[in-house]
Amino acid sequence: MPRWLAWLWYHRNYIIIVVTPLVLLPLPLVSPTSEARCGYAIILMALYWCTECMPLAVTALLPVILFPMMGIMEAGAVSIEYLKDSNMLFIGGLLVAIAVEYWNLHKRIALRVLLLVGVRPSLLLMGFMIVSSFLSMWISNTATTAMMLPIAHAVLQQLKDTEAQADERDFQAAAQDNHGFELEARQTKQDATDEKQPDTKVQLEDRVYENELSLEPQWEARRKAIEDKYDLLTKGMSLSVCYSASIGGTATLTGTTPNLILKGQIDKLFPGNGDVINFASWFAFAFPNMVIMLIFSWLWLQFLFLGFNLKQTFGCGIKSERDKEAYAVMKAEYKKLGRMKFAEGAVLTIFILLVVLWFTREPGFIDGWATVLFNKKGPFVSDGTVAIFMSMLFFVIPSRMPKYGGYGCNDAGKTVKAPPTLLNWQVVHERMPWNIILLLGGGFALAAGSEVNTHQHFAFSL
């Protein structure tokens, strides 16, 4: 590659940032309308997002600059779009997910379910898909996949090692059996022919060596078959975790970002919709679809990577020594977590209460608690209100049961005079994906700008 091309490639982000606005500039100059100016901003942001010449979250802030300067929207109206009710719901869901991950509650749930399911290939595939889809309903798909993949690979590696060791024992036993059979046959032949000169020790060792050589190709072929089998199973298990994490995220309103974007757009375009999209209505609509997609995905992966030999892949209630050893590994991992701590129980309680409050706020077929208590005169309380309220409890409830007499020492050796809360802001600051919140706001701002221009164009045409 010529040096000047290499230089352009290395500096491509700077070139795109400077050149793209200049290339698009004729659009608002030739057609000095509000629609053209809004189109200029949308195209510019789309190109910046596609090329990632700037961080995505930084590009999402462009409407705060471009819309007021081009006369599309006022600065205050644009800024409000970055912290709408949908964003509050998203922040509350993220805080719950951070608490669950911080106290390793998701790992405890995952290992417990896998212990109940078992280690047979089909059941293991099903177990990982069920756990991944359930966790991704409440925490991000990325976090679910990052947590479940190492567990899946560790279990499969243990299954592979156990099967290889068992085959090696079988190989050694077969070699010894063949050696003993040869000695017995030779002794019988010697008695029948009354030979007076038996084989020497060197001749016996040579025959044993020849016998081991004859079994070596069989052992190599078997070892290669095990490698191929678990390579294929690892691919299927990895895909199952990724697929189920994506599928599970569609079941709840907070499971994945596009669901919240849809709710925000519906509330914006149809302000009098009567809160038609809430946590309960979305779950009633999306959960059956998630189950169907999960079943289809499992059947497809089963057919592609395991086949339909159900007796072999399910086991039909038969547990081999290899299955028991792999099960023991998962049980040992679960025991490493120890007994459930007070903090884990508190996080689990808050999580369950949050889900119950979401479901019962506005179930649809009857008046929910929010309608009876707060929303008689209007939609004052939303799912975002509930999410933020329950998330604030993480900063109020202590991580250990209050007691008199001290709490021992921390990792630094200092005496703990009072237990910390379930979450602190340092943990939230490190784990909160602020860039996604800005991305949500940027999308809402773009939609608001487009809507304003559509309404203006419609009004002028009348």
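The legends below describe several close-up views of one predicted model.

Residues are numbered from 1 along each chain as its sequence is written. Because the model is predicted, local features need pLDDT of at least 70 and side-chain atom pairs count only at pLDDT 80 or more, while totals for chains, interfaces and linings use all residues, and side-chain values use heavy atoms, with hydrogens and water left out.

**Figure 1. The whole chain is built with 21 helices and zero strands.** Helices (H or I, at least four residues) and strands (E, at least two) are DSSP runs, numbered from the N terminus. Of the 462 residues in the chain, 39% count as buried, where buried means under 20% relative accessible area, exposed means over 50%, and partly exposed lies in between (1.4 Å probe, protein chains only). The chain exposes about 26300 Å², and carbon and sulfur atoms supply 66% of that area; accessible areas come from the Shrake-Rupley method with a 1.4 Å probe, and for residues only the protein chains shown count as cover. Among contacts (heavy atoms within 4.5 Å) with a separation of 6 or more, 75% join residues that are 24 or more positions apart.

**Figure 2. Helix α8 covers residues 85–102 and is largely enclosed by the rest of the structure, because 14 of its 18 residues are buried.** From its first C-alpha to its last, α8 reaches 26 Å, close to the 26 Å expected at 1.5 Å a residue; the expected span of a helix is 1.5 Å times one less than its number of residues. Just after α8, Asn104 takes a positive phi of about 60°.

**Figure 3. Helix α10 (residues 121–136) has a length that agrees with the expected span.** At 1.5 Å a residue, the 16 residues of α10 should span 22 Å, and the end C-alpha atoms are indeed 22 Å apart. Buried residues of α10 include Leu124, Leu125, Phe128, Met129 and Val131, together with Ser122, Ser132 and Ser133.

**Figure 4. The largest nonpolar core holds 77 residues.** A nonpolar core is a set of buried Ala, Val, Leu, Ile, Met, Phe, Trp, Tyr and Cys residues joined through side-chain atoms within 4.5 Å. Within the largest core, Phe128, Val347, Phe394, Leu422 and Met432 touch the most other members. Helix α8 gives the most to this core, with 10 residues. Leaving aside neighbours within four places in sequence, Met432 is in contact with Ile91, Leu94, Leu95, Ile98 and Ile437. A second, separate core of 20 residues includes Ala41, Met70, Ile72 and Met73. In soluble globular proteins, nonpolar side chains tend to be buried together.

**Figure 5. A nonpolar surface patch of about 1200 Å² has Trp4, Trp7, Ile15 and Val19 among its residues.** Patches are made of residues with over 30% relative accessible area and no salt bridge, with like charges joined within 9 Å and nonpolar side chains (Val, Leu, Ile, Met, Phe, Trp, Tyr) within 5 Å. Helices α1 (3–10), α2 (12–24) and α3 (26–30) each supply at least two residues of the patch, and the largest share, five residues, comes from α2. Val19 lies in helix α2 and counts as partly exposed because its relative accessibility is 38%.

**Figure 6. Arg108 and Glu344 meet in a salt bridge, at 2.7 Å from N to O.** A salt bridge is a side-chain nitrogen of Lys or Arg within 4 Å of a carboxyl oxygen of Asp or Glu, and the structure holds five of them. This pair links distant parts of the chain, since Arg108 is in helix α9 (residues 105–117) and Glu344 is in helix α17 (residues 342–361), 236 residues apart. Arg108 counts as buried at 6% relative accessibility, and Glu344 counts as buried at 2%. Arg108, Lys341 and Glu344 are linked in a network of salt bridges.

**Figure 7. Arg361 forms a salt bridge with Asp383, the closest N and O atoms being 2.7 Å apart.** This pair also links distant parts of the chain, with Arg361 in helix α17 and Asp383 in helix α19 (residues 383–392), 22 residues apart. Arg361 is buried, with a relative accessible area of 2%, and Asp383 is buried as well, with 1%.

**Figure 8. Lys263 forms a salt bridge with Asp267, with the closest N and O atoms 3.2 Å apart.** Because Lys263 and Asp267 are four residues apart in helix α13 (residues 257–269), they are separated by about one helical turn. Lys263 is buried, with a relative accessible area of 3%, whereas Asp267 counts as partly exposed at 28%.
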